[in-house]
Amino acid sequence: MLEQNSIHTVDFTDMTHDAMGVAKIDGFPIFVKNAMKGEKARIRITKVNKNFAFGHLDKIIQESPFRKAPICEHYYECGGCNIMHMNYEMQLGFKRHRVKETLKRIGGIDIEVANTVGMNNPYYYRNKAMVPFGMANGKIVAGFYKPKSHEIVDIRRCHIFPKYYSDIVRHLKILFQQYKISVYDEEKQEGLVRGAMIRSSEKKGETMVVIVTENGKIPAKNEIIEDLVERFPTIKSVILNIAQDKGTFRLGRKSKVLYGEDLLHEELLGLEFRVSHASFFQVNPEQTETLYKKAIEYADLKKNDVVVDAYCGIGAIGLAAAGSVDTVIGFDVSKSAIKNAAKNAEVNHITNAQFINGKAEDVLPKLNHKKIDAIFIDPPRKGCDKSFLQTVVATNIKTIIYISCNVSTFSRDMSILASKGYKLEKITPFDMFPQTSHIETVAKITKI
Ligand SMILES: C[S@@+](CC[C@H](N)C(=O)[O-])C[C@H]1O[C@@H](n2cnc3c(N)ncnc32)[C@H](O)[C@@H]1O
């Protein structure tokens, strides 16, 4: 039996889905953060469970040739990124391997997986940041949570969102201090400001700042807005959101516009898009264009086709496909996203697309369309509702293009489809989230 705090020299022979190195001592698996396959290292056992243990990487004895010094000073304490210690070639290879292995393990499917489509510059790519604010030792801190914790790492500069986001966060801290605005203290469960969301379109040069507060009030709001807009002229809107949830920092349901309007303009594949603060929008615009192109290429659309864009968000995929087909029908559970989608059709003069607000599993069975030739499915991380997949099967849709941000739930859904006569034809991973172990995939699935 392994002892907590005991020291061992181990060889790492594998990696977990979240990029921990896996070593074995007498067949007993040990998971170690930041260790890489092929490395030998001295580790300290930190926690022993019934079937596995966790360890801390004390000293690398034999280093992987794919190891890289992280460019971020916060990397080893921050929960934002977890594979910045791998060079980019390794990150892409790791993701491809993960897709192949998960499809086999969960979906029972053995298929050749295409190379992961990577970025030229895998840093500063995000167009959205959720930044919790808090108090530590009487000082305002803002950044990311430490892994599996609510302790905030006070970030000076983050390397996955644009550099000026960190400047906005720093300046918000100064303003809150200057105007004596209290920041939420999780231990005491008191304080006004919970955090900020920053969203931008680099193509359009527009930034949106959402200040999240406990009760929807913010003192000196005019002074704060004036100062922010003067210092950061790309800020076109400031929203105040109310979040009373005591747990992990997230947006609340209610909000009001303090400055500008609740819209960010974006351009993708030559189309104009409007996104409200509450609507989902892909976080890596450069990769999104490549991913949508691949999804549309896989769909092999014909002029007379009727196409469904399930989980359509602001309608981006459906609208990008609309020029190649007869009809597009999109649906999403988010009211704000559907409002954006309808407006996006209008501003792009697209008249053959309609958007419906509702759950995919409720809307699809009611469509009653005489034929649906292809369906784009792009669900959240939890994947599709089983009844939705049953309707897809019952509707006899020949081509499914499944876009997924969670290869485990995709593999589960794929195994359901495979048991009903569908075949996974091809799959390409896209690196939408460099420096993190998250993976996006596009798959073509056809009825045999
Ligand atoms: C990964 S996003 C995809 C959005 C869009 N396809 C895009 O590329 O921007 C998932 C979307 O599913 C929506 N959603 C979540 N659960 C849903 C459900 N049960 N039915 C319909 N839409 C749902 C969310 O509001 C979100 O817009």
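Strands are taken here as DSSP runs of type E with at least two residues, numbered from the N terminus, and in the predicted model described below Gln62 belongs to strand 5 by that assignment. With a relative accessibility of 46%, Gln62 is classed as partly exposed, since that class spans the values between the 20% limit for buried and the 50% limit for exposed residues. Once residues up to four places away in sequence are set aside, the contacts of Gln62 are with Gly38, Glu39 and Lys40. Gly313, by comparison, is separated from Gln62 by 251 residues in sequence and by 47 Å in space, C-alpha to C-alpha.

Beyond strand 5, which covers residues 53-62, the chain enters the loop that leads to helix 1 (88-107), and Phe66 is located in this loop. Phe66 is likewise partly exposed, its relative accessible area being 33%, a value that falls between the 20% and 50% limits. Leaving out residues up to four places away in sequence, Phe66 is in contact with Met36, His85, Met86, Asn87, Glu89 and Met90. Between Phe66 and Ala196, which stand 130 residues apart along the chain, the C-alpha separation amounts to 36 Å.

A contrasting environment is found at Asn340, a residue of helix 6, which comprises residues 335-347. The relative accessible area of Asn340 is 5%, and the residue is therefore assigned to the buried class, for which the value must be under 20%. The side chain of Asn340 forms a polar contact with the side chain of Ser279, at a distance of 2.7 Å. Ser279 also appears among the residues touched by Asn340 when those up to four places away in sequence are not counted, together with Leu263, Arg274, Val275, Ser276 and Ile314.

At the level of the whole protein chain, nine helices and 21 strands are assigned. The radius of gyration is 23 Å, close to the 22 Å that the globule rule gives for 448 residues, so the chain is as compact as a globular protein of that length. Along the principal axes, the C-alpha atoms occupy a box of roughly 65 × 60 × 35 Å. Of the 448 residues, 54% are counted as buried, while the surface exposed by the chain comes to about 20500 Å², of which carbon and sulfur atoms contribute 49%. When contacts between residues at least 6 apart in sequence are considered, 63% of them connect residues at least 24 apart.

The ligand is surrounded by 17 residues, of which Tyr292, Tyr311, Asp332, Ala360 and Asp378 are the closest. Grouped by class, this shell consists of nine nonpolar, four polar and four charged residues. Asp332, one of the closest residues, places a polar side-chain atom 2.7 Å from an oxygen atom of the ligand, and a polar side-chain atom of Gln282 is found 3.0 Å from a ligand oxygen atom. In the case of Val333, the backbone is involved, with one of its polar atoms 3.2 Å from a nitrogen atom of the ligand. Of the 600 Å² of accessible area that the ligand has on its own, 90% is covered by the protein.

Technical notes. Residues numbered from 1 in each chain as written. Predicted model: local features only at pLDDT ≥ 70, side-chain atom pairs only at ≥ 80, totals over all residues. Heavy atoms only, no water. Near = heavy atom within 4 Å. Polar contact = N/O pair within 3.5 Å; in protein donor to acceptor, adjacent residues only side chain to side chain. Areas by Shrake-Rupley, 256 points an atom, 1.4 Å probe, with all protein chains shown as cover. Nonpolar A, V, L, I, M, F, W, Y, C, P; charged D, E, K, R; others polar. Helix = DSSP H or I, 4+ residues; strand = E, 2+ residues; numbered from the N terminus. Rg over C-alpha atoms; globule rule 2.2 N^0.38 Å. Buried < 20%, exposed > 50% of the residue type's maximum accessible area, 1.4 Å probe, protein only. Contact = heavy atoms within 4.5 Å.
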